[in-house]
Structure formats: C-alpha cells, structure tokens
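Got a minute to go through some labels on a model? Here's a quick back-and-forth about where they come from.

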Amino acid sequence: VPKLQSTNLTKKEQVILSLISEGYSNTRIADSQFVTVHTVKRHVYNIFKKINVNNRVQAVQWLNSMHHN
C-alpha cells in the first residue's frame, strides 16, 4: 500500500489500520499481533492523531479514500 507511506504511519500502525478495516476488535488485533490490548489502544490512538480522525469508522473511510485516490 504505497500511498500510506506518505502518512507517517509506522509499519505496525499500517497493519493495525488494515485490521481495523477488516473489522477486528482491539482484543483480536492484540492476539494476532502478539501484543497487549493496551498496546493496540496506544497504536489506535496514534493512528487517529496522525490521520486526524476521531473513531474507527472515520479511520476506515480515510483508508478507503487513500486506496481510491
């Protein structure tokens, strides 16, 4: 996903954003990435700040817009 590289998202944040777009819960993301739910929440918070959104729905809409531009 080359366009995401220009957003300053780390590789881990890109993976987590992708999992959010697939409907994964924080717990499921944590299990799949071998990290704690607290760590996932920190990543999600950082993602939201970086892409200037307030929730998961907006984050997925942002991701979809990146794919379609």
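**Core and loops, label by label**

The largest nonpolar core in this predicted model has 18 residues, and L17, I29, I47, I51 and W62 have the most contacts inside it. Helix 1 (11–21), helix 2, helix 3 and helix 4 each give two or more residues to this core. Helix 3 supplies the largest share, with 5 residues.

Q: What makes a set of residues a nonpolar core?
A: Its members have to be buried residues of the listed nonpolar types, joined through side-chain atoms within 4.5 Å. The 18 residues here form the largest such set.

Q: Which residues does L17 touch, leaving out those up to four places away in sequence?
A: L9, I47, A59, W62 and L63. Contact here means heavy atoms within 4.5 Å.

Q: Why is F34 called exposed?
A: The label needs over 50% relative accessible area, and F34 comes in at 76%, so it counts as exposed. You'll find F34 in the loop between helix 2 (26–33) and helix 3 (37–51).

Q: What makes the phi of F34 worth a look?
A: Phi of F34 is near 55 degrees, a positive value, and F34 isn't a glycine. Most residues other than glycine have a negative phi.

Q: How do you know that N52 counts as exposed?
A: Same recipe: the cut-off is over 50%, and N52 has 69% relative accessibility, so N52 gets the exposed label. N52 sits in the loop between helix 3 and helix 4 (56–68).

Q: What is the sign of phi at N52, positive or negative?
A: Positive, at about 60 degrees, although N52 is not a glycine.

Note on methods:
Residues are numbered from 1 along each chain as its sequence is written. This is a predicted model: local features need pLDDT of at least 70, side-chain atom pairs count only at pLDDT 80 or more; totals for chains, interfaces and linings use all residues. Side-chain values use heavy atoms; hydrogens and water are left out. Helices (H or I, at least four residues) and strands (E, at least two) are DSSP runs, numbered from the N terminus. Buried means under 20% relative accessible area, exposed over 50%, partly exposed in between (1.4 Å probe, protein chains only).
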